[in-house]
Amino acid sequence: MFKRLPGDEARNLVSTTPDTAVVFRPAVVTTPAILTIVILIWRMLAGLVRTAWRHPIAATVPVIPGAVWYVYGWPASASLSGTVVLALISWAFIDRPSFVRLVGYRLLAWWRFVWIYRRHWQPVMIVSGLGRHLKGRDYLPILGKVTCTSWADLVTVRMLKGQAVKDWSDRLDHLAQGFGARSCRVALASSGRLILTFPRSDPLASPMPALPIPQEATVGPVEIGRSEDGQPWRLKVHGTHVLVAGATGAGKGSIIWSVIRALLPAVRAGLVELWALDPKLMELSYGRDLFGERYAATPEECAEALEEAVSVMQKRAARFAGLQRSHVPTVKDPFVLVVVDEVAFLTAYQSDRGLRQRISAALATLTTQGRAVGVGVLAALQDPRKEVMNIRNLFPDKIALRLDESEQVDMVLGDGARDRGALADHISPVPELGAGVGYVRLETSPDPIRVRAAYVSDADIRAMAAPYGEAA
Ligand SMILES: Nc1ncnc2c1ncn2[C@@H]1O[C@H](COP(=O)(O)OP(=O)(O)OP(=O)(O)O)[C@@H](O)[C@H]1O
């Protein structure tokens, strides 16, 4: 590889290209030791200042006892440290939530910043391809603040110039594995800045029993389960349309029944009318008494019910024209929620072409014009392909429960949802672990939220419907 020159040692020569005639002798400049020491001291000082700036509280913790020791001696320093530790322990016992919020999560965030993220940052970035090692230098995205919440670490990152969010969303698995998390999600915080979410625990791991029926008559947003951050999951049903997609056994029924349960007081008060379309004759037939006359099962009945809903909608629109632009539920003009279980039975698997067209036209009319006049659609389906449900984009809010294929996630939640962490195809098919778990993408936010619906059992449904059966 090296050209041997007369009188020269080949090991001292460097050739840039094998077999080239161009060779050169590397110039070796010896750095004076003092310069190396000055650079090292400078880097250490800069590191200390940076740490003190980023973590002022953590930096004062060793400084204050050290200063007291220096001025008053070690007994004073030890008793000060002991008093502080005792005070913190008492605080943790007396008011745990405030201690955890103000001290616990901050300490945890600092620890995880140092031990997990900073320690592994360079190798994970280089191996995953998000950082570059060029000409002996590392070009790495900058690790920013780490914040701990009850269930996850939120890591702020400044991307390298020229990187895109897609570069990160393509490497979610690398990031999760690299930092020892179960999964990772990415969201754009501001230009060039990302927030990576690494869950530490899963508040949705165990099923939730049906929520208590609310005291107040309300049309929503109705509480139907829990979100990943442990907060109640409230779903807007009035003023929108909701599409729920999930494979068989994914728990679509738990969303439908949780919504109905939360609306019951408003139904009793006459502010909400529930219209049920149950072409599978399974899910909604359980609580049939709740719907009274507004229950349809055969395709003909379903087509008629939908056309009637369209007519209610059009009459209202004619009355409201020029007077009001949004609907306020009243006994005269209640919110009409058309609940359709397995909508594909009506739109795709229906052999009668005429009926299919009538149903599709009515559904499209309701979903395009209904929400302003208080007519909403809550539809569930198993197969989200366009051939099966060509009006899925007319539903502003969508929920993806467990799906069979990864491509189906974007079909339901819209482009890029899976890249942003909506791994609906990874939800467990074991009912205890995965039924009712899903991702929601609301009209107002591109970031999917992981949620779990409460499970409304058959006994709960019977108890909900019983008073209506007796009254009939
Ligand atoms: N939210 C939930 N939490 C825990 N388990 C649930 C939940 N929802 C449903 N399950 C369990 O999963 C099973 C299947 O649920 P469900 O019938 O609602 O699914 P589905 O999506 O409606 O299925 P299909 O499309 O076949 O009707 C239920 O029998 C129940 O045991």
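## Close-up views of a predicted model

**View A. Thr 248 is exposed, because 11 other C-beta atoms lie within 10 Å of its own and a residue with 12 or fewer is called exposed.** Please keep in mind throughout that this is a predicted model. Thr 248 sits in the loop between β11 (242-245) and α7 (252-268). Gly 249 lies in the loop between β11 and α7 as well. Is Gly 249 buried, partly exposed or exposed? With 15 C-beta neighbours inside 10 Å, Gly 249 counts as partly exposed, since that class lies between the limits of 12 or fewer for exposed and 20 or more for buried. Once neighbours within four places in sequence are set aside, Gly 249 is in contact with Pro 431 and Ala 435. The unreviewed UniProt entry lists a "binding site" made up of Gly 246, Ala 247, Thr 248, Gly 249, Ala 250, Gly 251, Lys 252 and Gly 253.

**View B. An open sheet of 10 strands has mixed pairing.** To follow the sheet across, read the order β10-β9-β18-β17-β16-β11-β15-β14-β12-β13. Which strands stand at the edges? They are β10 (232-235) and β13 (295-296), and because each has a single partner strand, one side of each is left without a neighbour in the sheet. Helix α8 (residues 299-320) packs on this sheet, where it touches β12 (272-277), β13, β14 (335-340) and β15 (375-381). The direction of α8 makes about 150° with that of β12.

**View C. Strands β17 and β18 run antiparallel and are joined by four bridges.** Here β17 covers residues 437-441, and β18 covers residues 449-453. If you would like one pair to start from, pick Val 437, whose bridge partner in β18 is Arg 452.

**View D. Glu 342 has a positive phi of about 45°, although this residue is not a glycine.** You will find Glu 342 in the loop between β14 and α9 (344-347). Is Glu 342 buried or exposed? Glu 342 is buried, because 21 other C-beta atoms lie within 10 Å and the cut-off for a buried residue is 20 or more.

**View E. Four strands form an open, antiparallel sheet.** The strand order is β5-β6-β8-β7. Strands β5 (142-148) and β7 (185-190) are at the edges, and each pairs on one side only. From one strand to the next, the twist averages 25°. Five bridges join β7 to β8 (residues 193-199), and these two strands run antiparallel. Val 186 has Leu 196 as its bridge partner in β8. Helix α4 (residues 96-128) lies across β5 and β6 (152-158), running at about 150° to β5.

**View F. Helix α2 (residues 56-72) has an end-to-end span that agrees with expectation.** How many of the 17 residues of α2 are buried? The number is zero, so α2 lies largely in the open. At 1.5 Å a residue, the 17 residues of α2 should span 24 Å, and the end C-alpha atoms are indeed 24 Å apart. Gly 73 follows α2 and has a positive phi, near 95°.

**View G. Residues 78-94 are 100% helix and 0% strand.** The C-alpha atoms at the two ends of this span lie 24 Å apart. UniProt, in an unreviewed entry, places the feature "transmembrane region" at residues 20-41 and 78-94.

**View H. Residues 230-410 carry the label "domain: FtsK" in the unreviewed UniProt entry.** This span is 35% helix and 18% strand. Its end C-alpha atoms lie 25 Å apart.

**Context for the close-ups. The protein has 13 helices and 18 strands.** The C-alpha atoms fill a box of roughly 105 × 75 × 50 Å along the principal axes. What is the radius of gyration of the protein? The value is 31 Å, while a compact globule of 472 residues would have one near 23 Å. Of the 472 residues, 34% are buried. Among contacts with a separation of 6 or more, residues 24 or more positions apart account for 65%.

Methods. Residues numbered from 1 in each chain as written. Predicted model: local features only at pLDDT ≥ 70, side-chain atom pairs only at ≥ 80, totals over all residues. Pairing = 2+ DSSP bridges. Contact = placed C-beta atoms within 7 Å. Axes fitted to C-alpha atoms, helices over the stretch in contact; angles between N-to-C directions. UniProt positions renumbered as here; feature names shortened; annotations may be inferred. Rg over C-alpha atoms; globule rule 2.2 N^0.38 Å. Expected span 1.5 Å × (residues − 1).
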